[in-house]
Each structure stands twice: as structure tokens, then as C-alpha cells.
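This report presents a single protein structure to a reader who has not met it before. The sequence and the structure are shown first, and a description by topic follows.

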Amino acid sequence: MPTKETTLFAPATGKVIKIEEVKDPVFGSKMMGDGFAVQPIESEVYSPVSGVVTSVFETKHAIGLLADNGAEVLVHMGLDTVQMTDQAFDVFVKEGDHIEQGTKIAEADWEKVRAAGKGTTVVVVFTNSAAIDQFKLEKTGATTVNTTVGTITI
């Protein structure tokens, strides 16, 4: 089977960091898989890949995607935000939607997140690690939404 490489785009405007720099033991230790993160400076969150929405978490803090190349991508908004009782996220997609890279998938109220004492980092993690041949993060630092940050090959 030929390898399937897809380009990854920044899901938010801000600062791209390596997943190891995420201040969360589950993500930072790659327990859920490899990936990258953005420390956002704007509220909008966009899809880093084209694919199908496989899940929208009840708390709306995370969205699962199956990229067109087969990568399972979790876009997780904020750190420890699953515990938030005050809804801080508006989601604009639903399970089963096929979306293009760059589609606005959510908007976050980062003030509410900060007020709850939670982190605002947007984490992009690949949850089917065994199927991934290579992940390359090619850009870190300041970025704008929909800027190429790397590639993932299945």
C-alpha cells in the first residue's frame, strides 16, 4: 500500500509548540499519541486536516477527526477543560460531516477557560500511533491559522 502523506495546518493563530512542551502529563508524555500544540491568541479553532468528524465530545472541548489519509486526529481545546461546568466552547461541526482543512470547527471563550484556572493550549494529537509511519513538525513559533506546520504519513 502506498504511503499517504498529508499536510498539517495550524488550527489557531498563536505560537506552535512541540507536544512535549504541553503543560499536561497525558499530552506532554505522548500518552495519547504524537502531535503538536498551539498557544492561541484568538478564539477561533480550525481543522488542521481534511476529513470526517468522528466525534464531538459532550463538553465540546474536543473534536475527533479521521483525516482523508487515515490519521485519527484529536483537536483538544484547552487543558483540563473536560472538567469545566461553564460551557466555554461553541462547535460548528457535527459527527459525520466531511470537512476541508481550514474549516472553522469551534470558537473558544478563553476568558472563561482562564477564569476556571485551566490552560488555553490547543492540542492536536494523532491517536492511532501504530498506523503512523512518520510525523514531522516543520514549524514552531509564531503562526497564523491555516499555516503549514508539518506532515503526517500513514
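## A nonpolar surface patch

Val26, Met31 and Met32 make a nonpolar surface patch of about 270 Å². Patches are made of residues with over 30% relative accessible area and no salt bridge, where like charges are joined within 9 Å and nonpolar side chains (Val, Leu, Ile, Met, Phe, Trp, Tyr) within 5 Å. The accessible areas come from the Shrake-Rupley method with a 1.4 Å probe, and for residues only the protein chains shown count as cover. Val26 belongs to helix α1 and, at 31% relative accessibility, counts as partly exposed. Here buried means under 20% relative accessible area, exposed means over 50%, and partly exposed lies in between (1.4 Å probe, protein chains only). Helices (H or I, at least four residues) and strands (E, at least two) are DSSP runs, numbered from the N terminus.

## Basis of the model

The model is predicted: local features need pLDDT of at least 70, side-chain atom pairs count only at pLDDT 80 or more, and totals for chains, interfaces and linings use all residues. Residues are numbered from 1 along each chain as its sequence is written, and side-chain values use heavy atoms, with hydrogens and water left out.

## The open sheet

Eight strands form an open sheet with antiparallel pairing, in the order β9-β5-β6-β7-β11-β3-β2-β13. Its edge strands are β9 (98–99) and β13, each of which pairs on one side only. Two strands are said to pair if DSSP finds at least two bridges between them. At the β9 edge, β5 and β9 are antiparallel and share two bridges, with Val52 having His98 as its bridge partner in β9. At the other edge, three bridges join β2 to the antiparallel strand β13 (residues 141–143), and Val16 stands opposite Gly141 there.

Strand β2 also pairs with β3 in the antiparallel sense, over five bridges; Lys18 has Phe36 of β3 as its bridge partner. Phe36 is in turn the bridge partner of Val124 in β11, where β3 and β11 are joined in the antiparallel sense by four bridges. On β7, Met77 stands opposite Val122 in β11, and these two strands, β7 and β11, pair in the antiparallel sense over six bridges. How enclosed is strand β11 (residues 119–126) by the rest of the structure? Seven of its eight residues are buried, so β11 is largely enclosed.

## Salt bridges

Side chains of opposite charge can pair when their charged atoms come close. A salt bridge is counted when a side-chain nitrogen of Lys or Arg is within 4 Å of a carboxyl oxygen of Asp or Glu. By this rule there are five salt bridges. One of them joins the side chains of Lys30 and Glu20, at 3.0 Å from N to O. Lys30 lies in the loop between α1 (25–28) and β3 (35–40), and Glu20 in the loop between β2 (14–18) and α1, so this pair ties together parts that are 10 residues apart in sequence.

Lys30 also meets Asp34 in a salt bridge, with an N to O distance of 3.6 Å. Glu20, Lys30 and Asp34 are thus linked in a network of salt bridges. Each of these residues is partly exposed: Lys30 has 32% relative accessibility, Glu20 has 44% and Asp34 has 26%. Another salt bridge is formed by Lys104 and Glu107, whose closest N and O atoms are 2.7 Å apart. Lys104, at 30% relative accessibility, is partly exposed, and Glu107, at 27%, is also partly exposed.

## Two buried loop residues

Thr81 lies in the loop between β7 (72–79) and β8 (89–91). Is Thr81 buried or exposed? With a relative accessible area of 2%, Thr81 is buried. Leaving aside residues up to four places away in sequence, Thr81 is in contact (heavy atoms within 4.5 Å) with His61, His76, Phe89, Val113, Lys118 and Gly119.

Ser50 lies in the loop between β4 (44–46) and β5 (51–56) and counts as buried at 18% relative accessibility. A polar atom of the Ser50 side chain lies 2.8 Å from the backbone nitrogen of Gln101. Beyond residues up to four places away in sequence, Ser50 touches Leu66, Ala67, Asp68, Ile99, Glu100 and Gln101.

Note on methods. A polar contact is a pair of N or O atoms within 3.5 Å; within protein, one must be able to donate a hydrogen and the other to accept it, and residues adjacent in sequence count only if both atoms are side-chain atoms.
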